[in-house]
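Me: Please go through the ligand site and one of the sheets with me, a question at a time.

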Amino acid sequence: MSDVDQSPAERVKNLVRLVKDSGLYPNNPIVNSATTEPVIWVGGRDHLLFCSNNLLGLSNHPKVKEAAAKALDRYGLGSGGSRQMAANIDVHRALEQRIAEFVGQEDAICFAAGYMANVGVVPTLMKVDLLQSIAEVHLGHSSARSTGNGETPGWEIFSEELNHASIVDGVRLAQADVSKYPHKDMKHLATCLTKSKKASKFIVSDGVFSMDGDIAPIPQLADLAAAHKALLMIDDAHGVGMLGANGRGSLEHHDIPSSAVDLQMGTFTKAFGGVGGYVAGDQEIIDFLRISARTYIFSAPLPPSIAAGVAEAIDIAEREPWRREKAMENAFYFRREVEALGFDTLGSEAHIVPVLIGNELAAAEVTNQLRHRGIVAPHARYPAVALGRARIRFVMTCQHEREQIDFLLGCLAEIRDNLKLHG
Ligand code: PMP
């Protein structure tokens with residue numbers, strides 16, 4: 001039977017069989033303990049975990065759990081609706097104010113996940129012209145909008161090629177022209193901005209790249225945004241709480257003020273050990289998002305217990321810099337030693353340390369062999385990264401000890417030789 005004779009369901013099933021037969025279907029173990037700890041319980045034995053995003057060890061911190069438990073007791077399990085209906089709860093608002101203060105912006109808006117923040121915020125900004133026209137009709141107020149200098153109305157988005165999937169999806173939903181620029185290539189971006197005829201321009205980039213662990217050239221992005229009157233959004237999911245002298249994120253790492261970017265997005269899933277996303281910026285931009293971001297309006301917010309726990313986690317992250325310092329020391333040590341074994345870490349600079357394997361099947365085999373040695377470290381492959389660029393994405397946290405990292409390095413050396421990974 002040819003492909004066209006098969007029903008859609010048959011085609012899906014056949015594809016899954018093919019992926020399973022080839023050994024590429026993800027074989028993530030079921031874990032019988034907290035996956036936020038460096039040692040986890042899998043299949044009746046301890047394993048070392050090197051892919052948890054609980055970077056500062058706050059997910060299981062007694063004070064964080066106490067704050068969450070108190071809120072659970074007071075508010076119950078869920079929120080009872082969206083923020084614009086029943087669920088505009090004091091703990092949500094307190095968390096928004098706390099994270100805005102932490103990253104140095106006027107205000108912030110929280111979403112149930114970082115993914116929801118990006119998918120909601122990116123296309124919403126492009127609706128400003130439409131909403132302005134509606135406001136003019138209904139409120140009888142006309143504001144001047146000129147598109148001088150031969151510009152055409154509408155938006156163009158300039159999106160970095162290694163941006164996280166949630167930005168990519170937000171961009172797909174936007175009514176705008178899209179130009180993808182090569183990784184950290186500021187010359188290319190400058191040329192695209194100069195060529196663009198669109199009246200409104202929007203640049204969006206990860207702060208720390210999630211699959212490569214390197215850091216975006218934010219000062220240059222800010223200069224280009226200012227020169228071209230473009231709106232600039234930085235997704236600092238991996239930078240907030242981790243980078244900069246006080247852990248404020250990628251902007252502090254580069255020593256530039258928060259005012260250099262219009263929107264700072266982040267997530268509570270990583271440094272702060274919880275769940276949820278936010279976008280911080282000027283008051284009126286945040287006010288605009290509250291009335292236009294569909295993933296905020298039409299979806300329930302974070303559970304109140306999580307909001308209370310995350311607020312406590314931010315306080316601890318601020319008070320205890322040793323946590324991010326140790327995570328970074330661990331990453332620095334692992335990166336140096338794994339490179340000495342001949343592996344390519346793709347220019348990683350932070351706590352995410354990818355080890356490039358390349359071929360997807362070989363990467364799956366490295367994950368399997370690590371697992372046999374009691375280490376859980378899945379590989380990232382297409383579509384998370386480009387085809388042929390599969391990698392093991394190690395994440396170093398403040399909870400890893402030197403002996404654990406040395407054990408991992410020893411295993412990687414053995415596996416390299418077993419699989420003849422270099423030459
Ligand atoms: N942005 C980046 C850069 C990320 O790495 C992630 C999560 N991996 C997200 C956004 C989405 O965050 P969340 O897990 O809170 O949905």
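**Ligand site and sheet**

Me: How far is a backbone N or O atom of glycine 114 from an oxygen atom of the ligand?
Reply: This is a predicted model. Gly114 is among the residues that come nearest to the ligand, out of 16 around it. From a backbone N or O atom of glycine 114 to a ligand oxygen atom, the distance is 2.8 Å.

Me: Which residue has a polar side-chain atom 3.0 Å from a nitrogen atom of the ligand?
Reply: Threonine 269 has a side-chain N or O atom 2.8 Å from an oxygen atom of the ligand, so the cut-off of 3.5 Å for a polar contact is met there. The contact to a ligand nitrogen atom, at 3.0 Å, comes from the side chain of lysine 270.

Me: What share of the ligand's accessible area does the protein cover?
Reply: The ligand takes up the space of the largest pocket. On its own it has 390 Å² of accessible area, and the part covered by the protein is 84%.

Me: Which element gives the most residues to the shell around the ligand?
Reply: Helix H4 (114-125) and strand E8 (263-267) each supply at least two shell residues. The shell has 4 nonpolar, 9 polar and 3 charged residues. The most, 3 residues, come from H4.

Me: Why is one side of E10 and of E12 left without a neighbour in the sheet?
Reply: The open sheet has 3 strands in the order E10-E13-E12, paired antiparallel. E10 (352-358) and E12 (379-380) stand at its edges, so each has a single partner strand.

Me: Which residue in E13 is the bridge partner of valine 353?
Reply: E10 and E13 (residues 390-395) run antiparallel and are joined by 6 bridges. In E13, valine 353 is partnered by phenylalanine 394.

Methods:
Residues are numbered from 1 along each chain as its sequence is written. This is a predicted model: local features need pLDDT of at least 70, side-chain atom pairs count only at pLDDT 80 or more; totals for chains, interfaces and linings use all residues. Side-chain values use heavy atoms; hydrogens and water are left out. A residue is near a molecule or strand if one of its heavy atoms lies within 4 Å of it. A polar contact is a pair of N or O atoms within 3.5 Å; within protein, one must be able to donate a hydrogen and the other to accept it, and residues adjacent in sequence count only if both atoms are side-chain atoms. Accessible areas come from the Shrake-Rupley method with a 1.4 Å probe; for residues, only the protein chains shown count as cover. On a 1 Å grid over the protein atoms alone, a cavity is a set of points where a 1.4 Å probe fits but cannot get out, and a pocket is an open set with protein on both sides within 12 Å along at least five of seven lines; lining residues have an atom within 4 Å of a point. A molecule sits in a cavity or pocket if more than half of its atoms lie within 2 Å of its grid points. Helices (H or I, at least four residues) and strands (E, at least two) are DSSP runs, numbered from the N terminus. Ala, Val, Leu, Ile, Met, Phe, Trp, Tyr, Cys and Pro count as nonpolar, Asp, Glu, Lys and Arg as charged, and the others, Gly among them, as polar. Two strands pair if DSSP finds at least two bridges between them.
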